[in-house]
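Load the model in your viewer and keep the selection panel open. Each stop below gives you something to select and tells you what is there.

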Amino acid sequence: MRALIRYAPALAFLLLLWQLGSAALGTFLLPPPVELLGLFGRSLLTRLFWEHMGASAWRAVAGLALAWGAAFPLGLAMGHARRVDRVAAPLVFLTYPLPKIVLLPFFLTLFGLGDAPRILLIALTAGYQILVVTRAAAARLDRRYVDSFRSLGGSTRALVCHVLVPAALPEALTALRLASGTAVAVLFMAESFATRRGLGFMIMDAWGRGDQAEMLCAILAMSALGVLLHEGCGGLERLFCRWKRVETGR
């Protein structure tokens, strides 16, 4: 409910711009919001729409989960252990600037035309963002905390659970929220060809047929998916980093 209240003024402003744009460009190029939102509402009642939405949501969530599962532990290891960082950091920062989307044709050739190459592409793109932020957060941890914990007899496992993870988790989850937006952008590109399911396919298919209304409905759906992913990651941050809310008074 709080999220809806927070988004309400921005949504009203966007609807106003939308109405003005429709009047300026014409209803064929940009149908008015009432008409398009009505069509969007009707599409929610169709099975085909939910097949596309379900395919896209699965790919995005699976890609982000895979990115987190690989990048967060590696980022902790690189930020804490200098030997690991000396080996891994050059490889990470050498490949970080590479636009991962260009690997899609290779992944399609290697893994086929199913979900695997698209999920892997999302995971690779989001994983770099999470990895770099987690490494930096772990590296900034004052070594005196680690030394004090060790002097009290803390094991390596306890050090990771009670010192390293709490130190890096807030920033890593913020990186995950930012990566969710990148994941949706990559998802659109990954679903634009060589598939028959997904919101990206729905957008490009409607565009190819000249169906502006259906194309815009699919764009609205992908935008909604992006908002849901962003808010979901925010919910994880509030759930697992409650002490940060106490510190900031939020």
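The tour goes from the whole chain to single helices, a pocket and a few residues.

**Stop 1: the whole chain**

Start with everything shown as cartoon. This is a predicted model. Mean pLDDT is 87 for the protein, and 95% of its residues reach 70 or more. Colour by pLDDT next. Among the elements, α3 has the highest mean, at 94. The lowest belongs to helix α11, residues 242–248, with a mean of 59.

Now look at the secondary structure. The protein has eleven helices and zero strands. Read from the N terminus, the order of elements is α-α-α-α-α-α-α-α-α-α-α. Turn on the C-alpha trace and orient along the principal axes: the span is about 70 × 50 × 30 Å. Of the 250 residues, 38% count as buried. Take the contacts between residues at least 6 apart in sequence: 73% of them join residues at least 24 apart.

**Stop 2: the largest pocket**

Select Leu11, Leu220, Ser223, Ala224 and Val227. Of the 25 residues lining the largest pocket, these are the closest to its centre. The pocket holds about 880 Å³ of space. Which elements give two or more residues to its lining? They are α1 (2–25), α2 (33–43), α3 and α10 (212–240). Colour the lining by residue class. You should find 23 nonpolar residues, one polar and one charged.

**Stop 3: His52**

Go to helix α3, residues 47–80, and pick His52. Is His52 buried or exposed? It is buried, because its relative accessible area is 4%, below the 20% cut-off. Show its surroundings. Beyond residues up to four places away in sequence, His52 touches Arg196, Arg197, Gly198, Leu199, Phe201 and Met202.

**Stop 4: the loop between α8 and α9**

Select Thr195, which sits in the loop between α8 and α9. Thr195 is buried, with a relative accessible area of 13%. With neighbours within four places in sequence left aside, Thr195 contacts Arg59, Arg118 and Phe201. Phe201 is also among the residues that His52 touches. For a distance, pick Leu169: it is 26 residues from Thr195 along the chain, and their C-alpha atoms are 36 Å apart.

Step to Ala194, in the loop between α8 and α9 (199–208). Check its backbone. Phi of Ala194 is near 60°, a positive value in a residue other than glycine. Most residues other than glycine have a negative phi. Ala194 counts as partly exposed because its relative accessibility is 33%.

**Stop 5: helix α5**

Select residues 104–111, which make up α5. Highlight Leu104, Phe107 and Leu108: these are buried. Why do they share one side of α5? They cover an arc of only 100° around the axis, so they fall on the same side. The spacing fits a general rule. An α-helix has 3.6 residues a turn, so residues three or four places apart point the same way.

What covers this side? The cover over the buried residues of α5 includes α6 (116–139) and α8 (156–190). Rotate to the opposite face. Thr109 and Leu110 are exposed there, on the face turned away from the buried side. Then move just past the end of the helix to Gly112, where phi is positive, about 90°.

**Stop 6: Leu178 on α8**

Follow helix α8 to Leu178. Leu178 is exposed, because its relative accessible area is 57%, over the 50% cut-off. Add Ile130 to the selection. Leu178 and Ile130 are 48 residues apart in sequence, with 9.0 Å between their C-alpha atoms.

**Stop 7: Asp147 on α7**

Finish at helix α7, residues 143–151, with Asp147 selected. Asp147 counts as partly exposed because its relative accessibility is 48%. Draw one more distance, back to Leu110. The two are 37 residues apart in sequence and 46 Å apart, C-alpha to C-alpha. Leu110 is one of the exposed residues from the α5 stop.

Note on methods:
Residues are numbered from 1 along each chain as its sequence is written. This is a predicted model: local features need pLDDT of at least 70, side-chain atom pairs count only at pLDDT 80 or more; totals for chains, interfaces and linings use all residues. Side-chain values use heavy atoms; hydrogens and water are left out. Helices (H or I, at least four residues) and strands (E, at least two) are DSSP runs, numbered from the N terminus. Buried means under 20% relative accessible area, exposed over 50%, partly exposed in between (1.4 Å probe, protein chains only). Contact means heavy atoms within 4.5 Å. The arc is that of the directions from the helix axis to the C-beta atoms. On a 1 Å grid over the protein atoms alone, a cavity is a set of points where a 1.4 Å probe fits but cannot get out, and a pocket is an open set with protein on both sides within 12 Å along at least five of seven lines; lining residues have an atom within 4 Å of a point. Grid points are joined across faces, edges and corners, and a volume is the space filled by probe spheres set on the points. Ala, Val, Leu, Ile, Met, Phe, Trp, Tyr, Cys and Pro count as nonpolar, Asp, Glu, Lys and Arg as charged, and the others, Gly among them, as polar. pLDDT is the predictor's confidence in each residue, from 0 to 100.
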